[in-house]
Amino acid sequence: MILNIFFLLFGLGLILVGANILTDGASAIAKRWGVSDLVIGLTVVAFGTSAPELTISFISALNGSTEMAIGNVVGSNIFNILVIVGMTALFSPIKIGKGIMTKEIPLVILSALVLLVMGNTPMLDGAAEPMISRSDGIILLLFFLIFMRYTFSQAKNGTEADTDSPTGVKDMPLWRAILYIAGGLAGLIYGGDRFVAGASGIASALGVSDAIIGLTIVAAGTSLPELATSITAAVKGKSGMAVGNVIGSNIFNIFMVLGTTATVRPLAFGSISNLDLLVLFGSCLLFWFFGWFFRQRTITRIEGAVMVLLYIAYVIVLIRQTGAL
């Protein structure tokens with residue numbers, strides 16, 4: 001058990017460091033090619049914050065732990081909305097631009113709805129078990145391409161003013177940028193392997209499914225980059241950055257991470273239940289509802305506290321399902 005915990009923490013550390021230096025290296029090379037900070041922020045940096053989820057889900061699927069692959073994404077997205085947005089609002093009430101409320105958050109709701117539909121294929125079309133097939137994976141990737149096209153069109157039209165501008169990109173020599181990319185990839189791959197091994201070992205030792213570990217420990221661990229970014233932004237008085245961070249991450253996780261992973265290997269939902277998918281869909285609706293009502297287009301500290309408490313309640317329900325409570 002102690003060795004598994006070590007693998008979990010060691011792997012997570014390598015993943016977070018690897019994602020960070022990979023993003024720095026890729027951003028520096030993109031900058032050398034004349035790519036703007038905005039485009040880098042919309043692509044390289046956004047991918048970097050989702051790299052932990054992609055690494056864990058991909059390696060989990062290759063190792064046969066498809067429940068952990070899906071649970072990681074579902075759990076991360078629930079964590080992103082209820083905990084990250086909730087905690088950020090506790091630090092500083094979040095003011096949300098009208099464009100985000102009418103365009104971006106509905107896309108987050110759509111991504112959760114698509115996953116809910118895919119998780120109910122036995123009821124809808126008589127399939128033997130709920131699964132994200134290769135064709136489903138391709139559909140998710142097509143949704144992702146549509147989202148990226150929309151994002152670039154918004155940036156080109158100047159409507160990105162609703163969110164904070166991305167920070168400047170570090171300048172570095174070409175050899176160092178290449179070294180950062182290679183080192184970052186190595187950290188992601190090896191760290192992901194150790195993290196999945198540790199998480200699976202803990203699941204076996206506790207007698208719980210890979211799905212539960214994926215929905216909780218793995219999900220919270222892979223969401224650390226988003227949590228750190230959002231809390232830092234709130235402390236600096238840029239709480240609006242947290243909204244864009246969460247929106248981008250949630251859409252990346254479902255459309256790009258699950259799409260890529262399922263295209264390589266079909267993903268069975270296993271013990272990922274409708275409870276988990278409905279909590280994800282409901283948290284997305286709550287995010288939109290809190291933004292529109294009460295104090296219009298502002299998520300208050302009270303609403304943030306409600307979101308965090310709902311996440312705690314959800315985790316308690318998951319633990320009770322294992323018989324630990």
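**Exercise 1.** Among contacts in the protein chain between residues at least 6 apart in sequence, what percentage join residues at least 24 apart?

*Solution.* The model under study is predicted. Contacts in the protein chain between residues at least 6 apart in sequence are taken as the starting set, and 84% of them join residues at least 24 apart. The chain in which these contacts occur has a secondary structure of twelve helices and four strands.

**Exercise 2.** Determine which residues touch the most other members of the largest nonpolar core, and which helix supplies the largest share of that core.

*Solution.* Begin with burial: 51% of the 325 residues of the protein chain count as buried. The largest nonpolar core holds 81 residues, and those touching the most other members are Leu115, Ile132, Phe287 and Ile299. Helix α3 (residues 66-91) contributes 13 residues to this core, the largest share. Finally, consider Phe287: leaving aside residues up to four places away in sequence, its contacts include Ile81, Val85, Ile247 and Ile299.

**Exercise 3.** Describe the surroundings of Asp276 and state whether it is buried or exposed.

*Solution.* First, locate the residue: Asp276 belongs to helix α11 (residues 274-292). Next, assess its burial and charge: Asp276 is buried and has no salt bridge. A salt bridge requires a separation within 4 Å, whereas Arg320, the nearest side chain of opposite charge, is 14 Å away. Then examine polar atoms: a polar atom of the Asp276 side chain lies 3.0 Å from the backbone nitrogen of Ser273. Lastly, list the neighbours: with residues up to four places away in sequence not counted, Asp276 touches Val74, Ile78, Leu215, Ser271, Tyr314 and Leu318.

Methods. Residues are numbered from 1 along each chain as its sequence is written. This is a predicted model: local features need pLDDT of at least 70, side-chain atom pairs count only at pLDDT 80 or more; totals for chains, interfaces and linings use all residues. Side-chain values use heavy atoms; hydrogens and water are left out. A nonpolar core is a set of buried Ala, Val, Leu, Ile, Met, Phe, Trp, Tyr and Cys residues joined through side-chain atoms within 4.5 Å. Buried means under 20% relative accessible area, exposed over 50%, partly exposed in between (1.4 Å probe, protein chains only). Helices (H or I, at least four residues) and strands (E, at least two) are DSSP runs, numbered from the N terminus. Contact means heavy atoms within 4.5 Å. Lys and Arg count as positive and Asp and Glu as negative; His and the chain ends are not counted. A polar contact is a pair of N or O atoms within 3.5 Å; within protein, one must be able to donate a hydrogen and the other to accept it, and residues adjacent in sequence count only if both atoms are side-chain atoms.
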